[in-house]
Amino acid sequence: MAQIIDGKLLSIQVLEQVAHEVDILKAECGIVPALAVILVGDDPASQVYVRNKAKRATEVGMLSLEYRFDADIAQVKLNRLIRELNSDPTVHGILVQLPLPDHLNEDEIISAIAPSKDVDGFHPQNVGALASGQPALVPCTPQGCMIMLRKVYADLSGKSAVVIGRSNIVGKPMAALLLQANCTVTIVHSHTANIEDFCRQADIVVAAVGRVGLVKSSWIKPGATVIDVGINEIHEEGRRKLRGDVDFQDVEPIAGAITPVPGGVGPMTIACLLLNTLKAAKKKNTSLKLDDMAFEAM
Ligand code: NAP
């Protein structure tokens, strides 16, 4: 039986630590970390994500600012808002909920956010800093996966890791973080032949694909750790359910540790978003260092 890495529980621990540090920031410096979230259009999934982010931000004592626009908003208007938020010293984190409607240039909008407030970690400056091992705001989902992996391994050094998927928001930053932790990293994607052969060699498999139940037990080395980033909606017995990229029932008996879906990586993503907002607020305003040790010890 595999160790189930409980993302719900772990995310609560991260959020408690964030709330504790927000209290210190308020008491010692009079600063309330503020997260501005911009939502364009009425995509139901995006509305749920934005609502959850705002709720959690408030719960940890942060200020949550929401900017909602119709799907036909002009790019110039969005750019103007981002410029205003960039220069507002009371705003510490800015997030534009993706995806955006087709007429908007996503790259241009992400690049318009001040790198120091880019709590999603998608700005080219943060991407470059992560790739070159410099301090950066790191994308939330891979950051959450690393906290989960540290629950399994005291030291990741020398582990072999396979990341399935090479997106800018998950696969690539995940690989960069594993490399930084001294893992030997392979990235596989839709053009890779015999993916299962790569996975079978790995101590750690991270699946970030978007294909229900793609990863089977025959892909996994006995005792390996399997991190399932995938969130796929299925309809079963007339009900809507969420499933990962890993066939959990099949893989769990052979894995050493595994994340469930739901209740795995998903809750860690929001927790890391608020951790990034806290980091941004501290960096901008105080000489107080984030208690990295407290987070790494989780
Ligand atoms: P994405 O941008 O669509 O990227 C998917 C990646 O998977 C691509 O690199 C693609 O390869 C690769 N791929 C597709 N089919 C494949 C196959 N059959 N075999 C091997 N590789 C394959 O997706 P994403 O944004 O990274 O998200 C991936 C999954 O994670 C989705 O289910 C998403 O909903 C979920 N997600 C979850 C969270 C969370 O908080 N838990 C956060 C973000 C995303 P190519 O590059 O060659 O096309």
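Mentor: Domain bounds here come from an automatic or database domain assignment. The model is a predicted one. For the protein chain, that assignment gives domain 1 (29-114) and domain 2 (140-266).

Trainee: How far apart do the C-alpha centres of domain 1 and domain 2 lie?

Mentor: The two C-alpha centres are 29 Å apart.

Trainee: How do you know what span to expect for helix α6?

Mentor: The expected span is 1.5 Å times one less than the number of residues. Helix α6 covers residues 140-152, so its 13 residues should span 18 Å. The C-alpha atoms at its ends are 19 Å apart, which agrees with that expectation.

Trainee: Why is α6 called largely enclosed by the rest of the structure?

Mentor: A residue is buried when its relative accessible area is under 20%. In α6, 10 of the 13 residues are buried, and therefore the helix is largely enclosed by the rest of the structure. Among these buried residues are Cys-140, Gln-143, Cys-145 and Leu-149.

Trainee: Gln-143 is in that group. What joins its side chain to the side chain of Lys-279?

Mentor: A polar contact of 3.5 Å joins the two side chains. The limit for such a contact is a pair of N or O atoms within 3.5 Å, one able to donate a hydrogen and the other to accept it. The value given for Lys-279 and Gln-143 is 3.5 Å, and the pair is counted as a polar contact.

Trainee: Where is Lys-279 found, and is the residue buried, partly exposed or exposed?

Mentor: Lys-279 is part of helix α10, residues 265-285. Its relative accessible area is 26%. Partly exposed covers values between the 20% limit for buried and the 50% limit for exposed, so Lys-279 is partly exposed. Its C-alpha atom is separated by 8.9 Å from that of Val-119, although the two residues are 160 residues apart along the chain.

Trainee: Which element gives the largest share of the shell around the ligand?

Mentor: Helix α10 does, with three residues. In total, 22 residues surround the ligand, and the closest are Arg-166, Ser-167, Ser-190, Ile-231 and Thr-269. The shell divides into nine nonpolar, 11 polar and two charged residues.

Trainee: What makes a residue count as part of that shell?

Mentor: One of its heavy atoms must lie within 4 Å of the ligand.

Trainee: Which side chain has an N or O atom 2.5 Å from an oxygen atom of the ligand?

Mentor: That is the side chain of Ser-190. In addition, a polar side-chain atom of Arg-211 is 3.3 Å from a nitrogen atom of the ligand. Ile-231 takes part through its backbone, where a polar atom is 3.1 Å from a ligand oxygen atom. The ligand taken alone exposes 930 Å², of which the protein buries 71%.

Trainee: How do Leu-15 and Ile-12 of helix α1 differ, buried or partly exposed?

Mentor: Leu-15 lies in helix α1, residues 7-29, and Ile-12 lies in α1 as well. Leu-15 has 12% relative accessibility and therefore counts as buried, the limit being under 20%. Ile-12 has 45% and counts as partly exposed. The C-alpha atoms of Leu-15 and Glu-66 are separated by 20 Å, while those of Ile-12 and Asp-72 are 37 Å apart.

Trainee: What makes the bond between Leu-98 and Pro-99 a cis peptide bond?

Mentor: Its omega is about 0°. Pro-99 is in the loop between β4 (93-96) and α4 (106-112). A cis peptide bond also joins Val-261 and Pro-262, again with omega about 0°. Pro-262 belongs to the loop between β11 (257-258) and α10.

Trainee: Why are the phi values of Asn-194 and Glu-237 worth noting?

Mentor: Most residues other than glycine have a negative phi. Asn-194 is not a glycine, yet its phi is positive, about 50°. Glu-237 likewise has a positive phi, near 45°.

Trainee: Where are these two residues placed, and how exposed are they?

Mentor: Asn-194 is in the loop between β6 (184-188) and α8 (195-200), and its 47% relative accessibility makes it partly exposed. Glu-237 is in the loop between β9 (232-236) and β10 (239-243). At 72%, its relative accessibility is over 50%, so Glu-237 counts as exposed.

Definitions and conventions. Residues numbered from 1 in each chain as written. Predicted model: local features only at pLDDT ≥ 70, side-chain atom pairs only at ≥ 80, totals over all residues. Heavy atoms only, no water. Helix = DSSP H or I, 4+ residues; strand = E, 2+ residues; numbered from the N terminus. Buried < 20%, exposed > 50% of the residue type's maximum accessible area, 1.4 Å probe, protein only. Areas by Shrake-Rupley, 256 points an atom, 1.4 Å probe, with all protein chains shown as cover. Nonpolar A, V, L, I, M, F, W, Y, C, P; charged D, E, K, R; others polar.
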